[in-house]
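Trainee: Before we discuss this model, could you put the structure in front of us, so that we can work through it one question at a time?

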Amino acid sequence: MADMASMLDVSVWRGADEGRFVSYPVPRRENQTVLDVVTYVQRRLDATLAYRFSCRVGMCGSCAMTVNGVARWTCRTHVGRVAKDGRLRIAPLRNMPVIKDLSVDMAGFFAKAARAKGAFRPTADRTADFAVIAPDSPRRRRADAAIECIGCGVCYASCDVVTWNPDYLGPAALNRAWTLVNDERDGGNRERLAAVAGDAGCHACHSHQSCMERCPKHLNPTESIAGLKRATVLAALTGKL
Amino acid sequence: MRPFRLAGGSRDHPAYWAFAVHRLSGLLLVLFLPAHFYVLSRAIQGAAALDAVLAWTEGPLVKAAEVGLILLLAAHLTGGLRLLAVEFLPWRDWQKTLIAVTAGVSLLIGLGFLINVA
Ligand code: HEM
Ligand code: SF4
Ligand code: SF4
Ligand code: FES
């Protein structure tokens, strides 16, 4: 029989936007991730628990939840790092409607990537030769620094400006737009800069840096948004907006 | 009940505290501004009127409030300059240290003023 030291006291959000925390005892294991804990609850204690994951190795961005008050990717978050005195409080991500338990509706989050013109706009067709871009050119480096986003929504859930203004495009969508602003092959920047310059765009960001603080990929959306602030102001001053 | 909506965890880092200080100091400065204009307006009413207010500012409580005000202004000024650096200069990691620098500089300015009025 497991003693108290080898058990975790896990409370998990059950319900939708209205709901409550339900407590589950989960055995403590070595090298256990928060996703392992949630999976244990669902497989062994209550099969009706709804949550999302796919890759389990930090690639797909589907497993993000609020763990002890902080948004995290649960598959790469070790229990040892976050469980204060063996307690875990697991809730759905903030700033998105809850579908059920730990699953949130990310449709609005992804729609904002489209609204920020986050899709590549090619300037060449398939008959054209490869674009040659020097790896150390400034624009390539700026795109590189921001490109590894897995769309997990952790930054979006951590951003107070999203909470205050639900229309705000948010760190991930703006970060994505910034990678394309720096893409030599892309031809959509006029529309893109116009799309991110509005009321709910880059200038709404207060540089809280919660996004950068929490991004599991260690990206810096604050920097990308600052880049958009400069680019949109420059475009406006030169009559290109 | 929506306890998880409380964002406590996502706000617990220096850049967010810096934002909170900036907003609080900005709002308090807005409150101070009318008082400041009132005192200045006394000058137009003549030397006696101004002197009456200035005599009032000699009190210890007012002195203490003045130091607080200088601190607010210093914190808001240095914090504002930091934000401008973060947003208009290319990102560098030293910008994290800037928060500590702004806090230090504002405290120094406040202390300097305290020594002067004391
Ligand atoms: C001394 C030079 C000053 C500088 C460099 C400065 C800089 C700034 C900056 C950069 C912001 C934007 C902050 C953000 O995006 O969150 C700001 C906001 C603000 N400032 Fe100043 N400011 C100065 C003086 C003042 C004064 C004298 C007042 C009061 C009368 C004031 C009141 C405010 C207020 C109320 C805000 C809004 C706070 C917020 O949105 O969080 N500022 N300031
Ligand atoms: S830096 Fe901007 S986008 Fe990032 S959390 Fe703060 S307000 Fe949101
Ligand atoms: S920027 Fe970071 S936190 Fe935000 S969605 Fe992309 S990977 Fe997740
Ligand atoms: S399950 Fe894919 S990132 Fe966590």
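Trainee: Among contacts in chain A between residues at least 6 apart in sequence, what percentage join residues at least 24 apart?
Mentor: This is a predicted model, and each answer should be read in that light. A contact here requires heavy atoms within 4.5 Å. Among the chain A contacts whose partners are at least 6 apart in sequence, the share that joins residues at least 24 apart is 64%.

Trainee: How many helices and strands does chain A have, and what percentage of its residues count as buried?
Mentor: The secondary structure of chain A comes to ten helices and seven strands, and its C-alpha trace spans about 70 × 35 × 30 Å along the principal axes. To count as buried, a residue must have under 20% relative accessible area. Of the 241 residues of chain A, the part that counts as buried is 51%.

Trainee: Which three residues supply 20% of the area that chain A buries against chain B?
Mentor: Across this interface, 32 residues of chain A are in contact with 23 residues of chain B. The area buried between the two chains is about 2500 Å², with carbon and sulfur atoms giving 52% of it. On the chain A side, the three residues that supply 20% of the buried area, more than any other three, are A:R94, A:H208 and A:R230.

Trainee: Why is the site of ligand 1 described as shared between chains?
Mentor: Of the 13 residues around ligand 1, those that come nearest are A:H206, B:H22, B:R23, B:L29 and B:H76. The site is shared because the residues that surround ligand 1 come from chains A and B.

Trainee: Which side chain has an N or O atom 2.7 Å from an oxygen atom of ligand 1?
Mentor: Two histidines of chain B can be set aside, as their side-chain N or O atoms are paired with a nitrogen atom of the ligand, at 3.1 Å for B:H22 and at 2.8 Å for B:H76. The side chain with an N or O atom 2.7 Å from a ligand oxygen atom belongs to A:H206.

Trainee: Which element gives the most to the shell around ligand 1?
Mentor: By class, that shell has seven nonpolar, five polar and one charged residues. The elements that give two or more residues to the shell are helix 2 (14-44) and helix 4 (60-88) of chain B. With eight residues, the element that gives the most is helix 2 of chain B.

Technical notes. Residues numbered from 1 in each chain as written. Chains lettered and ligands numbered in written order. Predicted model: local features only at pLDDT ≥ 70, side-chain atom pairs only at ≥ 80, totals over all residues. Heavy atoms only, no water. Near = heavy atom within 4 Å. Polar contact = N/O pair within 3.5 Å; in protein donor to acceptor, adjacent residues only side chain to side chain. Helix = DSSP H or I, 4+ residues; strand = E, 2+ residues; numbered from the N terminus. Nonpolar A, V, L, I, M, F, W, Y, C, P; charged D, E, K, R; others polar. Buried < 20%, exposed > 50% of the residue type's maximum accessible area, 1.4 Å probe, protein only. Buried area = accessible area lost by both parts, 1.4 Å probe.
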